[in-house]
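Here are my notes on the model you sent round. Have it open while you read, and click through the residues as they come up.

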Amino acid sequence: MKRSLGVCYYPEHWPEEIWALDAQQMVETGLTWVRIGEFAWSRLEPQPGQFDWGWLDRAIATLGTAGLKVILGTPTATPPRWMLDKYPDMLARNSAGEVRKFGSRRHYCFSHAAYRDEARRITRLMAERYGAHPSIAAWQTDNEYDCHDTAISYSAHAKHAFQDWCAQRYQSPQALNAAWGNVFWSMEYDSFDQLDLPNQTVTEPNPSHVLAFRRFSSDQVVLFNRVQCDEIRKYSDRPIIHNFMGRITAFDHYDLGADLDISSWDSYPMGFLLDRVGADETAQAHYLRQGDPDFQAFHHDLYRATSSGRWWVMEQQPGPVNWAPWNPAPLPGMPRLWAWEAFAHGAETVCYFRWRQAPFAQEQMHAGLLRPDRSPAPALAEAAQVAKELAEVPDVGTAKAPVALVFDYDSAYAWESQPQGADFDYFQLVFDCYRALRRAGLSVDVVPKSVDPSAYEITFAPGLLTVPESLQGGLVVAGPRAGSKTEEMTIPDGLGPDITGLSTKVTFVESLPPFAPMTLAGGGAFIKWREALETTDTVILHLEEGAPAAVRNGQMIYIAGWPDAAGWRRILEMLAEQAGLDLMDLPPDLRLRETDSHRFWFNYGPRTVTYQHITLPAAAVHWEANNANRKLWTDGRWARGSKNFPAL
């Protein structure tokens, strides 16, 4: 499939007389797609039941006539003010019970059935009107579920819906009491009507209660999205997309992705570095204008797995954003590098956000491809360069990676419910493993726990709450905390890890403060978490004091702690020869991605990097044909046989 570029556009923000000029300039830049409509409910339905479709009709016609393909968003992330007058109780409440008021966006509770019906209604009306329109080439549902921590609500509607969810899951209060261990602290219930939400308790709530509520909250998001997908499919055969975000674990993206045709996400590398990566100040300073070298790639690989394998970047950062603690400008070349990295990981389309910087309201400090006065912003030329390169370079394809890494949302809920250490974070545990694999030069497929390990050289499953019996048939590296609990967040009979093929028990665990790592014999250390093992399996790694640190039985390996970077490297080196993997030791700033036709190199550093035959300036991307007679595309020509390829 041919890769393409797009942009996000808000015709309702601009005078109608410049729409055609904007559309023409988009096409001249090399853009193919344009997303509109996702925040426009107040202009579509200014008063209940009173509609103004004319402006949207004309906007779609203008963009389509210019040759652009339109992605039409449902506007349900921004219900208009009259909606609140109609349903004063539709607002979500935070964990402190405080109402999250009107005045920005995402001001609704997913459990409010009447608002869900309103979302269904506006979606149906849009799909009826535009479902077969020749310029509508795709749909986007809502916008960024859980942005601003909005997926979890503690409203009265959530409470009643949660009671019903528990009644359906457990069938009787007695079964719920047994599953959750409610005999502890006399927490037993006589009826489902007695159930409250797990917030504002005197001390920590029952983790089984919290886990159930997190699963319920995820199901509410999935249901809200599903009703929109169902309405669109009645009237349109165009693909349906939703735009996920970075480091969001409030709902199960695999479950929601099952209702989509294409998954997408919104990639803001520099904002995420300062807001979500968890990097220390030294790393933040080093990558301040480039973003973390692994964070975007991780989400590319994750969201590729959440639908049918088709995925996009719906919003790509073009310049300074407005929402991070600090908002620097990217190094020249980074908007181009970020787009090519997405294509190297299999993206069909990358859309920059946004076409023109808004001169008003909350995002007036957020850069676009154009400045507010319509003059070019720096990223416009880079977008045009990418478009030109896409026209000249063959489709790069997507290849199955040699290693798989399990990411499981249920596990994220579990360890957020009972972390046992101030810094135990499931996302960070998986991400540390991903970073180690990337530093070793390996391409990675992020996968759900239903993966078949026989399809990969190694499958990694750190922190997996419950380990299914199907996770066999290939080399599997599990732990720490893998298989340590039941589905209901209790310790399994016989202790964990409850993993088929292992004869090992975890006798106790300890969470480690930052100043107290536990050194591994031969190098590396456990940080944050360590488990004491009683085992008859083969010990393959020891702590410096002699205690087992990792065990193996056949194809199953269990790691009894959270490895630091050196620890992960030791584990990879132990397994590489058996798995047939050639490990690299990439410089900290250099990353690569293998596709079925090309190898891509990316320099995330602020200075030139040299490694083997590669010399890359700062913020540069380089690709070569992935065969014995490697070729490099540079300056519009293919070069053969070079031993020192210049960067693009």
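1. Start at the surface: Val183, Phe184 and Trp185 make up a nonpolar patch there, with a combined accessible area of about 400 Å². Patch residues have over 30% relative accessible area and no salt bridge, with like charges joined within 9 Å and nonpolar side chains (Val, Leu, Ile, Met, Phe, Trp, Tyr) within 5 Å. A salt bridge here is a side-chain nitrogen of Lys or Arg within 4 Å of a carboxyl oxygen of Asp or Glu. Areas are Shrake-Rupley with a 1.4 Å probe, and for residues only the protein chains shown count as cover. Phe184 sits in the loop between helix H7 (173-180) and helix H8 (207-235).

2. Some ground rules. This is a predicted model: local features need pLDDT of at least 70 and side-chain atom pairs pLDDT 80 or more, while totals for chains, interfaces and linings use all residues. Numbering runs from 1 along each chain as its sequence is written, and side-chain values use heavy atoms, without hydrogens or water.

3. Now the whole protein. It has 17 helices and 26 strands, taken as DSSP runs numbered from the N terminus (helices H or I, at least four residues; strands E, at least two). The radius of gyration is 25 Å against 26 Å from the globule rule for 648 residues, so the protein is as compact as a globular protein of that length. That radius is taken over C-alpha atoms, and the rule is 2.2 Å times the number of residues to the power 0.38. Of the 648 residues, 60% are buried, meaning under 20% relative accessible area (exposed is over 50%, partly exposed in between; 1.4 Å probe, protein chains only).

4. On to the inside. The largest nonpolar core has 172 residues, and Trp180, Phe298, Trp340, Phe407 and Phe460 touch the most other members. Such a core is a set of buried Ala, Val, Leu, Ile, Met, Phe, Trp, Tyr and Cys residues joined through side-chain atoms within 4.5 Å. Apart from it lies another core of 20 residues, including Val476 and Val506.

5. Is Gln220, in helix H8, buried or exposed? Gln220 is buried, at 10% relative accessible area. Beyond four places in sequence, its contacts (heavy atoms within 4.5 Å) are Phe110, Ser111, Arg116 and Ala161.

6. Asp22 lies in helix H1 (residues 19-29) and counts as buried, at 0% relative accessibility. Leaving out residues up to four places away in sequence, Asp22 touches Tyr9, Trp355 and Arg356.
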